[in-house]
Amino acid sequence: MGRYVIRRLLQMIPVFIGSTFLIFVMVHALGDPVNALFGDKAPDPVIAAQIREQYNLNDPLWLQYLKYMGKLFTWDFGNTFSGQSVTSLLAIAYPATIKLTAVAFAIEVVFGIGFGLISGLRRGGISDNSVLILTLIVISIPTFVTGYVLQYLLGVKWGWFPATAGEDLTIDSLIMPGVVLASVSLAYVARLTRTTVAENSKADYVRTATAKGLPRRRVVINHLLRNSLIPVVTFLGTDLGALMGGALVTERIFNIHGVGFYLYQGIVRQNTNTVVGFVTILVIVYLAANLLVDLLYAVLDPRIRYA
């Protein structure tokens, strides 16, 4: 196990370098950030030259990237064009997004696996068909439509939940945006769980456990569901990072100043340090989630061993 973890950590290094470099290149491909900073007005040549010198914009792209990576080891993500530290923005944005993602992920896991299990055990029945129809509807509706409809109905018209999350980010204020953020992923988890449960319910080990007289609940939980969760866990691991990165629309609808909000501001203003800094953390989250998923395989299926 220890060697496997070390090997996976070493494999993450080139992935991390390649991902951040691609993001660095793509952000610079948007155009001249100095011109974007001044908007429609022509920048003063002296001021523009000072800004380019201060942020190393005159250096070749590969040299800018090396300087950025050098600072990254000291947890220095640079400054925005307004002089604010990107690290301070990360400290503001990521706690908000982590809270929203935690609520959305919990909803996705509990209801997605629950609906999928019920549907898979009753394949072809009313419950199965209802889950398939509902999940197909959820997948077909864009997230921003779901967000605005739920915000109006549950927040404005009926007043069941706060219409906007605000700055406090209480559990009540995060339930509705959490449902919106998790809705599409929940549908995929439900359908994936349903498929794997339906397939594994005919497996030999399930028939053997039933023939030995084990209680139905134990057969379903300890044998059927445990073996069916491996592909689901794989999806959940990759989706954890996707939830954090894909919260842009949800955060804007419910006025949450998280990762999506600052990423949008950074892209619009072509603020290289902001965009690259936030995406760098997202890359780390993706890599850590994938490693955790691989390690969970052995927990779900004892037959899996790590060399």
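Start with the whole surface: the protein exposes about 16500 Å², and carbon and sulfur atoms supply 66% of that area. What you have open is a predicted model.

Keep everything selected and show the C-alpha atoms alone. Taken along the principal axes, they fill a box of roughly 85 × 55 × 30 Å.

Next, switch to a cartoon view. The secondary structure consists of 13 helices and 0 strands. Followed from the N terminus, the elements read α-α-α-α-α-α-α-α-α-α-α-α-α.

Now colour by burial. The protein has 307 residues, and 42% of them count as buried. Then turn to contacts in the protein between residues at least 6 apart in sequence: 75% of these join residues at least 24 apart.

Select the charged side chains. There are 24 positive and 17 negative ones in the protein. Mark the centre of each set; the two centres lie 15 Å apart.

For the last stop, go to helix H13, which covers residues 272-300, and pick out Thr274 within that helix. Is Thr274 buried or exposed? Its relative accessibility is 4%, and buried means under 20%, so Thr274 counts as buried.

Which residues is Thr274 in contact with, leaving aside its neighbours within four places in sequence? Select Thr80, Val86 and Leu89, then add Tyr262 and Gly266; Thr274 is in contact with each of these five residues. Display them as sticks together with Thr274 to see the surroundings of this buried residue of H13.

Notes
Residues are numbered from 1 along each chain as its sequence is written. This is a predicted model: local features need pLDDT of at least 70, side-chain atom pairs count only at pLDDT 80 or more; totals for chains, interfaces and linings use all residues. Side-chain values use heavy atoms; hydrogens and water are left out. Helices (H or I, at least four residues) and strands (E, at least two) are DSSP runs, numbered from the N terminus. Buried means under 20% relative accessible area, exposed over 50%, partly exposed in between (1.4 Å probe, protein chains only). Contact means heavy atoms within 4.5 Å. Accessible areas come from the Shrake-Rupley method with a 1.4 Å probe; for residues, only the protein chains shown count as cover. Lys and Arg count as positive and Asp and Glu as negative; His and the chain ends are not counted. The place of a charge is taken as NZ of Lys, CZ of Arg, CG of Asp or CD of Glu.
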